[in-house]
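Here is a short walk through one protein chain and its ligand. Have the sequence and the structure open as you read.

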Amino acid sequence: MTPPNVPALSAHGVCFGYAGREVIHDVDLELGRGTVTAIAGPNGAGKSTLLEILAGVRTPQQGEVRRLGTVSLVVQRPAAPETLPLTVRDTVSMGTWGRRLGRRQAREVVAEMIDAVGLTGYESRPLTDLSGGQRQRTLLAQALARRADIVLMDEPDAGLDAASRGRIHDLLLDQADRRGAVVVCATHHDGFIAAADRVVRLGSVRTPWQAPPGLGPGVDLAAGGDAPHIKLHRVQRCT
Ligand SMILES: Nc1ncnc2c1ncn2[C@@H]1O[C@H](COP(=O)(O)OP(=O)(O)OP(=O)(O)O)[C@@H](O)[C@H]1O
């Protein structure tokens with residue numbers, strides 16, 4: 001387990017672009033255990049790209065990312081595998097693989113996670129029969145069952161009603177508070193942004209990020225604001 005004063009997830013000078021068009025420019029982050037970071041910004045600002053880089057799914061074209069511990073990434077709008085008839089229970093169970101739990105303990109973790117995301121009663125339902133929001137919550141439960149040190153989530157609250165969204169937000173905040181996970185979550189929801197310890201705001205030159213009402217100017221794009229360890233950025237070319 002990483003000591004509290006050592007960043008469990010850090011990025012230095014990270015740049016990334018698609019086909020020569022830069023999306024992520026010179027991001028610096030140092031995130032310690034037990035912290036919650038929201039990645040905010042308009043559609044297309046680069047939130048998913050940054051999460052994938054932090055997770056190690058994409059390699060930065062410049063700069064480096066360091067991770068201490070295990071990583072769990074939940075991608076946005078996952079498709080259900082039509083040819084693989086997995087149930088909610090099967091899917092969440094996969095999260096326990098590799099944790100060396102006994103059968104009974106694994107069953108308990110699966111039941112606990114299914115309950116935590118509000119899907120008790122759906123255990124035997126195939127993923128293909130679920131709504132997009134239910135499927136998203138199933139994959140969230142799977143990710144949380146892994147008990148990864150670094151939990152990266154791409155809009156796990158998208159398309160959920162207010163009650164489900166609140167439940168998911170509380171669950172993510174709990175991951176940091178109760179077991180010291182590093183939680184990083186892309187979101188469009190001001191409630192989560194306000195509750196996070198850190199906010200990384202991605203903007204673009206054409207559509208600059210606008211602070212939602214109620215959020216102070218101290219956390220503006222490129223300003224560092226209340227999170228001076230985070231160097232923010234906008235879409236620019238790497239030189
Ligand atoms: N595989 C790809 N190939 C080329 N361009 C891509 C690819 N993935 C994303 N992009 C582009 O990179 C930019 C950032 O995309 P990204 O998905 O990271 O944004 P986002 O902030 O997560 O958006 P949203 O809020 O809509 O999910 C967009 O302009 C997008 O079109």
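Helices here are DSSP runs of H or I, at least four residues long, and they are numbered from the N terminus. The model is predicted.

Start at the ligand. The largest share of the shell around the ligand comes from helix α1, residues 47-55. That helix supplies three residues. The full set of residues around the ligand is Tyr18, Val23, Gly41, Asn43, Gly44, Ala45, Gly46, Lys47, Ser48, Thr49 and Gln76. By class, the shell holds seven polar residues, three nonpolar and one charged.

Now step back to the domains. Domain 1 covers 1-70 + 149-239, and domain 2 covers 78-147. Where they touch, domain 1 gives 11 residues and domain 2 gives 12 residues. On the side of domain 1, helix α5 (residues 162-179) provides the largest share, six residues. The side of domain 1 that touches domain 2 is mixed in class: five nonpolar, four polar and two charged residues.

Turn next to a pair of helices. Helix α3 spans residues 103-116, and helix α4 spans residues 132-145. The two pack at an angle of about 135°, and their axes lie 9 Å apart. Angles over 145 degrees would count as roughly antiparallel, and 65 to 115 as roughly perpendicular. The angle fits neither, so α3 is oblique to α4. The crossing of α3 and α4 is right-handed.

Which residues meet in this pair? From α3 come Val109, Val110, Met113, Ile114 and Ala116. From α4 come Ala141, Leu144 and Ala145. The contact of α3 with α4 has eight nonpolar residues, no polar and no charged.

Note on methods
Residues are numbered from 1 along each chain as its sequence is written. This is a predicted model: local features need pLDDT of at least 70, side-chain atom pairs count only at pLDDT 80 or more; totals for chains, interfaces and linings use all residues. A residue is near a molecule or strand if its C-beta atom, placed from the backbone, lies within 6 Å of it. Ala, Val, Leu, Ile, Met, Phe, Trp, Tyr, Cys and Pro count as nonpolar, Asp, Glu, Lys and Arg as charged, and the others, Gly among them, as polar. Axes are lines fitted to C-alpha atoms, for helices over the stretch in contact, and angles run from 0 to 180 degrees between N-to-C directions. Angles under 35 degrees count as roughly parallel, over 145 as roughly antiparallel, 65 to 115 as roughly perpendicular and the rest as oblique. A crossing is left-handed if the near helix is turned anticlockwise from the far one by less than a right angle, and right-handed if clockwise. Two residues are in contact if their C-beta atoms, placed from the backbone, lie within 7 Å. Domain bounds come from an automatic or database domain assignment.
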